[in-house]
Amino acid sequence: MKLNDLIEALAAEVELAQPRMSGQLDQLAALGADDPSFYDLVGDYTEQTQRMGEAAEMAGFPGLQSVCGHVLENSLALASSEGDERNTLIAFLREWPPLIAFYLRNLSDPSAAAGLLDYLAHAPYPMDPDESLKVMHQLGGMPLQVSLPGGGDEPLRPVLAAPDDVALAIPEGADPKLLEGFVQEAPDQARYLVGLATQLSRGEGDASDIAAAKRTVHTLKGSGAIIGLRGLASLGHHFEDILEHFEGHGGKVAAGAADTLLDAAYCLEQMVGFVCGNEEYPTQAQGVLQAVLDLANQIDRGEDIEHALSRADASSPASAEAAAAASAPAPHAVTSGATAAPEAALRVGVGRIEELFRVAGEISVHGASMEVRIKSLADRARELMEQNLRVQRRLFELETAVDVRALTMMRTRTQRTADAGFDPLEMDQYSELHSTSHALMEEAADARAMSQRLVEDLAQLGGAHTQQQRLGKDLQHLVLGTRMTAASTLESRLQRTVRATCQSTGKQASLEMRGGDTQIDSDILAQLAEPLLHILRNAVDHGLERPELRIGAGKPMAGRIELTFARQGQQVVLTCRDDGAGLDLARVRRKAVERGLIDANAELDDEQTARLILLAGFSTRDSVSEISGRGVGLDVVREWASSMNGSVRIRTVHGQGCTIELRFAASLSTQHSLIVEVHGQRLALPSLQVEQAVARGIGEFAQQGTECVFRHGKRTLPAVRLADLAGIPSSGAPAPLSDCDAVIVNIENKARAVAVDRLVDSRELLVKSPGPYARHVRGVAGLSVLGDGSVAVNLDLGGLFASGGARSMEVRASAAAQTEQSSQRRVLVVDDSLTVRNSVVQLLRDSGFDAQSARDGMDAVEKLGTVHPDLVLTDLEMPNMNGIELTTHIRGRADMGGLPVIMITSRSQDKHRRLAEQAGVSAYLTKPYSDSDLLRTIREALPA
């Protein structure tokens with residue numbers, strides 16, 4: 001029996017049995033448990049339910065079988081139920097037959113499966129959440145088991161990939177809860193799959209890795225199908241079939257399939273990222289699906305696929321030679337061990353996390369306040385002890401005075417004592433003054449003992465508070481950890497960037513990423529992506545030599561780029577190292593002089609010369625391409641590091657490569673700061689920019705010509721008052737510099753000294769935004785509440801020095817950059833599909849073009865009145881005005897008759913091509929196409 005016929009038979013059987021089963025439920029509702037026929041009816045009902053489950057099992061539909069099994073569990077509970085419980089069970093059991101029949105007749109409708117799942121979730125005895133998730137994936141994968149629409153043929157694998165097969169539009173009726181679960185779990189699953197595919201492509205995996213990859217793909221496929229993401233479900237389905245084949249044939253991936261599987265894993269990850277809103281649409285998806293279909297069809301036909309890939313293949317000279325011969329070898333990340341499966345996740349709202357973060361911050365502030373109060377109490381206790389000592393001395397003086405007075409009085413009483421028969425030395429004589437002074441001495445001793453106990457109690461309270469502070473910091477770090485993300489989440493995007501740059505430049509490179517488990521604030525990591533893309537593109541385009549030059553220099557044909565993340569205290573150290581030719585410092589200096597970025601007679605050492613490549617408007621290229629030559633590049637890195645209060649350092653060795661080191665804070669929420677005081681105002685300086693705090697008397701401020709300097713040890717540094725730098729007014733004459741403390745700061749690898757009135761403390765502060773009213777205040781990075789309740793202003797030292805005229809070279813560079821920016825190539829993208837427009841525009845902008853878009857030909861004509869592009873990319877079939885009409889309009893205009901026009905369409909017939917040529921199209925590109933094909937066509941069409 002054909003599969004569609006079997007499904008139709010199942011649906012018909014359910015519909016046929018529904019009236020009878022409904023009648024049985026009516027009878028059960030009317031009968032009591034003591035009626036002999038009650039249990040017979042329960043037995044008949046459960047037997048029919050069990051038979052439907054067995055039919056689903058025989059048909060190979062495990063999801064449907066699980067549904068019937070759970071219904072069976074609830075129906076068996078009828079035998080022991082009474083009253084309201086029985087009525088609830090009967091009401092529940094009435095609904096499942098029509099739901100299953102609707103699902104079987106509407107397999108392609110995600111709402112049908114969602115209705116079944118919602119039904120099971122509200123059962124009197126609900127399904128376990130883990131089991132429910134499993135059933136969701138099984139039901140979602142069931143539509144892929146049946147044939148394509150066409151009349152009940154056996155399910156045949158398609159030969160050609162169509163654009164609709166990789167569509168990722170979310171249906172309007174998608175269940176929000178399912179979509180929320182997908183966004184929560186799918187990214188980790190996709191990253192896990194990429195890690196497994198990377199291991200398998202290197203021949204390092206075994207049967208267990210293939211099985212794990214297959215399970216992960218199955219989960220992603222089922223999730224995509226149940227939501228209605230056809231592209232994810234389609235690619236996942238064929239991907240799973242290929243993995244199942246290799247699992248059953250020795251657990252090794254064939255060498256010819258390794259790259260295809262890795263590309264498919266990358267594409268699935270990018271699809272997930274697109275649905276989650278973190279990535280652009282994967283324009284290569286149709287091409288990847290076509291490669292997967294070709295491989296799957298080869299397997300279906302029983303054709304021989306190349307030998308299995310093993311560790312020996314990955315390390316053998318033959319395989320190395322084959323890899324070197326590839327035009328763009330797939331880069332791989334270096335991992336420290338087996339790929340770890342994604343951890344279980346708990347869904348917590350962002351609002352709840354922010355509230356936890358607020359409470360943890362308040363605990364930190366109040367803890368600091370309590371610390372100040374305990375210190376104040378300790379000071380008071382110490383003063384009390386000192387006061388007690390002074391009272392004790394006074395009492396000793398009083399006692400001495402009393403004794404002296406008593407001796408003078410003794411003479412008058414001597415005769416009287418002698419008359420009584422006693423010598424004066426044989427009996428002490430005390431007056432009322434003696435008694436009072438002795439009592440006062442005893443009270444003072446008691447007060448001193450009480451003060452000592454108070455000091456001891458305060459010491460114990462201080463110890464308890466220290467423990468409480470430690471626990472508070474642990475809580476704060478745990479809460480902050482919820483905002484942290486592993487650096488490895490950027491790996492796939494970085495790998496794709498290196499691969500695309502290699503294809504554009506004709507070079508070969510592999511990217512190795514180390515320290516991917518380094519935790520970085522999610523906001524910082526999101527902002528870090530763009531600077532990293534610029535660094536990697538620069539490493540490939542400027543750093544690495546062409547293959548023939550590398551071979552001549554005795555290097556491997558493929559270059560190597562190593563990206564390392566590491567934590568040092570509160571900061572992250574990111575190092576990008578390549579094994580290319582290094583910087584040509586003489587050429588860098590010459591180009592900087594030619595572009596007016598530095599004076600011809602400027603004296604710069606090697607490190608300062610290397611830093612010239614960070615200036616806006618700098619480029620060593622004589623010609624402009626989408627990769628370089630526009631003066632837009634590493635200045636983005638410098639500006640980002642400056643905004644993060646971080647630093648950039650460049651080291652280069654001629655012929656051995658270049659290293660770029662970024663240092664920045666791991667979190668923007670807290671930062672370790674040095675607290676200083678200026679004119680009564682507390683200011684916080686980020687420790688990342690502080691080299692050393694120098695107390696007064698150790699160094700010396702002096703006047704050297706017209707400049708103020710600070711001499712410390714063998715160093716003489718330019719100096720400035722922090723009050724003058726920050727613009728803090730003084731109520732009187734400023735304190736002499738000899739009475740000031742000094743702070744040595746390092747801004748963009750240049751050391752300076754700032755004079756402050758007082759060094760206060762060094763601690764980790766919770767930084768809060770100054771709010772919308774202070775967003776334009778110069779040099780303010782945030783505000784922090786100190787323990788005594790005062791507010792410290794967190795300063796942006798880089799911004800203060802820059803705005804103070806300390807970077808005139810960068811100011812000239814900014815002006816030069818505006819001139820260079822004007823030469824950036826502009827492309828107008830015309831397409832009626834929003835997805836296509838956005839994806840192509842994103843590709844062009846990532847590749848360095850200034851891309852604009854229009855929704856159809858009429859919109860493009862209007863934009864051509866204000867936008868003057870260097871090239872037009874247009875679709876053929878569009879409403880209002882199609883691509884042929886738009887090209888004819890462009891060719892008829894005198895001001896842009898020679899404008900290159902590239903037509904991108906799915907129409908590959910000769911008559912369409914001839915029509916386009918007659919209209920004046922410069923190049924005709926048919927879908928599917930790769931990113932490299934499109935960029936190459938654009939380069940060829942643009943005038944030199």
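What percentage of the 944 residues in the protein chain are buried? Buried residues make up 46% of them, where buried means under 20% relative accessible area, exposed means over 50%, and partly exposed lies in between (1.4 Å probe, protein chains only).

The model is predicted, so local features need pLDDT of at least 70 and side-chain atom pairs count only at pLDDT 80 or more, while totals for chains, interfaces and linings use all residues. Residues are numbered from 1 along each chain as its sequence is written, and side-chain values use heavy atoms, with hydrogens and water left out.

**Whole chain**

Display the protein chain as a cartoon: there are 30 helices and 23 strands in it. Helices (H or I, at least four residues) and strands (E, at least two) are DSSP runs, numbered from the N terminus. Contact means heavy atoms within 4.5 Å. Of the contacts in the chain with a separation of 6 or more, 71% are between residues 24 or more positions apart.

**Stop 1: helices 9 and 10**

Select residues 207–227, which are helix 9, and residues 230–247, which are helix 10. Their packing angle is about 160 degrees, and their axes are 8 Å apart. Helix 9 is therefore roughly antiparallel to helix 10. Axes are lines fitted to C-alpha atoms, for helices over the stretch in contact, and angles run from 0 to 180 degrees between N-to-C directions. Angles under 35 degrees count as roughly parallel, over 145 as roughly antiparallel, 65 to 115 as roughly perpendicular and the rest as oblique.

The crossing of helix 9 past helix 10 is left-handed, a term used if the near helix is turned anticlockwise from the far one by less than a right angle (right-handed if clockwise). Show side chains on the contact. On the helix 9 side, look for residues including Ile210, Val217 and Leu220; on the helix 10 side, residues including Phe239, Leu243 and Phe246. The residues of this contact divide into eleven nonpolar, four polar and five charged. Here Ala, Val, Leu, Ile, Met, Phe, Trp, Tyr, Cys and Pro count as nonpolar, Asp, Glu, Lys and Arg as charged, and the others, Gly among them, as polar.

Now centre on Ile210, in helix 9. Ile210 is buried, with a relative accessible area of 0%. Leaving aside neighbours within four places in sequence, Ile210 is in contact with Leu200, Leu243, Phe246, Glu247, Gly251, Lys252 and Val253. Its C-alpha atom is 10.0 Å from that of Leu193, 17 residues apart along the chain.

**Stop 2: the nonpolar cores**

A nonpolar core is a set of buried Ala, Val, Leu, Ile, Met, Phe, Trp, Tyr and Cys residues joined through side-chain atoms within 4.5 Å. Which residues of the largest nonpolar core touch the most other members? Select Trp96, Ile100, Tyr103, Phe239 and Met271, which do so among its 96 residues. Helix 11 (residues 255–276) gives the most to this core, with twelve residues.

Zoom in on Phe239. Not counting residues up to four places away in sequence, Phe239 touches Leu193, Val217, Leu261, Ala264, Ala265, Leu268 and Val292. Another core, of 51 residues, lies apart from the largest one; Ala509, Leu583, Phe618 and Ala666 are among its members.

**Stop 3: helices 11 and 17**

Keep helix 11 and add helix 17 (residues 491–505). These two pack at an angle of about 125 degrees, with axes 11 Å apart, and are therefore oblique to each other. Helix 11 passes helix 17 in a left-handed crossing. From helix 11, Leu262, Asp263, Tyr266, Glu269 and Gln270 meet Ser492, Gln495, Arg496 and Arg499 of helix 17. The contact residues divide into two nonpolar, three polar and four charged.

**Stop 4: helix 22 and backbone details**

Select helix 22 (residues 635–643), where the buried residues are Asp635, Val636, Val637, Arg638, Trp640 and Ala641. Asn645, which follows helix 22, has a positive phi near 55 degrees.

Two loop residues come next:

- His679 has a positive phi near 50 degrees. It sits in the loop between strand 8 (670–678) and strand 9 (681–686) and is partly exposed, at 29% relative accessible area.
- Asn880 has a positive phi of about 70 degrees. It sits in the loop between strand 21 (871–875) and helix 28 (883–891) and counts as exposed, at 64% relative accessibility.

End at Lys927 and Pro928, joined by a cis peptide bond with omega about -5 degrees. Pro928 lies in the loop between strand 23 (923–926) and helix 30 (931–941).
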